[in-house]
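Have your viewer ready and your selection tool to hand. We will walk through this model stop by stop, and at each one I will say what to pick next.

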Amino acid sequence: MAAIGRFQKGDDIFYAKVVDGELFRLQGDVFGSPSYEKKAMPLKGVKTLTPVAPSKIIAVGLNYADHARETGKTLPKEPLFWLKAPTALIPDGAKIEIPFSNHRTDYEAELAIVIGRRVRNVTAAAAARYILGYTSAQDITDRTIQESEGQWARCKSFDTFTPLGPYIETKIDPHDLTIQLFQNGQLRQNSNTSQLIFNCFQLVSFISTNLTLLPGDVILTGTPSGIGPIESGDRLEVRIQGLTPLVNTVK
Ligand code: MG
């Protein structure tokens, strides 16, 4: 395990490795070849931020066959992606805010890829070299707007609609991990990343043939079946095998 997080203490924003509830501050560039301070500092009293501040968030749709089936949509022949506003990001522990109480707003647990190096036109075979690591995310969606507009930018870009984190796991095989979402302790989504239609390396390759990915950019790889509505007071937990759980509440 090598979990790296971004933290704030006072005005000081910094990266650190997280080991057993202690932080080892990173020296150098998280996207370069960093080293870590030997002296630990306690996680307590330090604010956890989203693990990156990306130039863009790319979200992939209908990338689990079981989810495509439950929406009644046909499987895409190529990855279907759109952009989510970076201002929609919130860290672990922050509140998701529902903009319209008369709309249906849904949770969507997703594995997120964090890009480590600038990349354009890479093959799937070479894509792993451009990935810093993986973290947990939610692609919160105003389903009412999604269905009425047919465009996916607005319904998925409201402020607070992208919980991300808490940490980036840099040493993990992303393609055989259980992925689960718990709503108030009840298991709602339960799948495995081996069920991805386009795997992480194929996604980075395909997206990079369309646009340039920059260090810190985030790709949400799609949600499995079991999507459902959220309401005020809910506690939502994304549990992906090998990653620290991502927990957010709703207001
Ligand atoms: Mg999604």
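Which residues lie nearest the centre of the largest pocket? Select H67, T71, R143, Q146 and I227 to find out: these lie nearest the centre, out of 21 residues that line the pocket. Keep in mind as you look that this is a predicted model.

**Stop 1: the largest pocket**

Stay here and colour by secondary structure. Strand β7 (57-61), helix α1 (65-71) and helix α2 (143-149) each supply at least two residues of this lining. The space inside the largest pocket comes to about 230 Å³. Now colour the lining by residue class: you should find 10 charged, 6 polar and 5 nonpolar residues.

**Stop 2: the second largest pocket**

Next, select A2, I4, K17, L26, V30, G32, P34, Y36, L132, T170 and K171, which line the second largest pocket. This pocket holds about 180 Å³ of space, and its lining has 7 nonpolar, 2 polar and 2 charged residues. Where does the second largest pocket lie? Colour domain 1 (3-47) and domain 2 (57-250) separately; both give residues to the lining, so the pocket lies between them.

**Stop 3: aromatic pairs**

Show the aromatic side chains now, as the structure holds 6 aromatic pairs. Begin with W82 and W152, which meet edge-to-face, with 4.8 Å from centre to centre and 80° between the planes. This pair links distant parts of the chain: W82 is in strand β8 (residues 80-84), while W152 is in the loop between α2 and β15 (162-169), 70 residues apart. Are these two rings' residues, W82 and W152, buried or exposed? W82 is buried, at a relative accessible area of 10%, and W152 counts as buried too, at 18%.

Move on to F100 and F158, an edge-to-face pair with centres 6.0 Å apart and planes at 85°. Here again the pair links distant parts of the chain, 58 residues apart: F100 sits in the loop between β10 (95-96) and β11 (105-107), and F158 in the loop between α2 and β15. F158 has 18% relative accessibility, so it counts as buried, since the cut-off for buried is under 20%. F100, with a relative accessible area of 29%, is partly exposed.

**Stop 4: a cluster and two charges over rings**

Select F7, F14 and Y167 together, as they form one aromatic cluster. Keep F14 in view and add R25, which lies over the face of F14 at 4.3 Å from the ring centre. Then jump to Y130, where the charged end of R117 sits over the ring, 4.7 Å from its centre.

**Stop 5: the backbone**

Hide the side chains for the last stop. Which two residues does a cis peptide bond join? Zoom in on G165 and P166: omega is about 0° at the bond between them. P166 lies in strand β15.

Now go to L62, in the loop between β7 and α1. Its phi is near 50°, a positive value in a residue other than glycine. L62 is buried, with a relative accessible area of 9%.

Finish at T160, in the loop between α2 and β15. T160 also has a positive phi, about 80°, although it is not a glycine. At 10% relative accessibility, T160 counts as buried.

Technical notes:
Residues are numbered from 1 along each chain as its sequence is written. Side-chain values use heavy atoms; hydrogens and water are left out. On a 1 Å grid over the protein atoms alone, a cavity is a set of points where a 1.4 Å probe fits but cannot get out, and a pocket is an open set with protein on both sides within 12 Å along at least five of seven lines; lining residues have an atom within 4 Å of a point. Grid points are joined across faces, edges and corners, and a volume is the space filled by probe spheres set on the points. Helices (H or I, at least four residues) and strands (E, at least two) are DSSP runs, numbered from the N terminus. Ala, Val, Leu, Ile, Met, Phe, Trp, Tyr, Cys and Pro count as nonpolar, Asp, Glu, Lys and Arg as charged, and the others, Gly among them, as polar. Domain bounds come from an automatic or database domain assignment. Rings of Phe, Tyr and Trp (its six-membered ring) pair if their centres lie within 6.5 Å; planes under 30 degrees apart count as stacked, over 60 as edge-to-face and the rest as tilted. Buried means under 20% relative accessible area, exposed over 50%, partly exposed in between (1.4 Å probe, protein chains only). A charge sits over a ring if NZ of Lys or CZ of Arg is within 6 Å of the ring centre and within 35 degrees of the ring normal.
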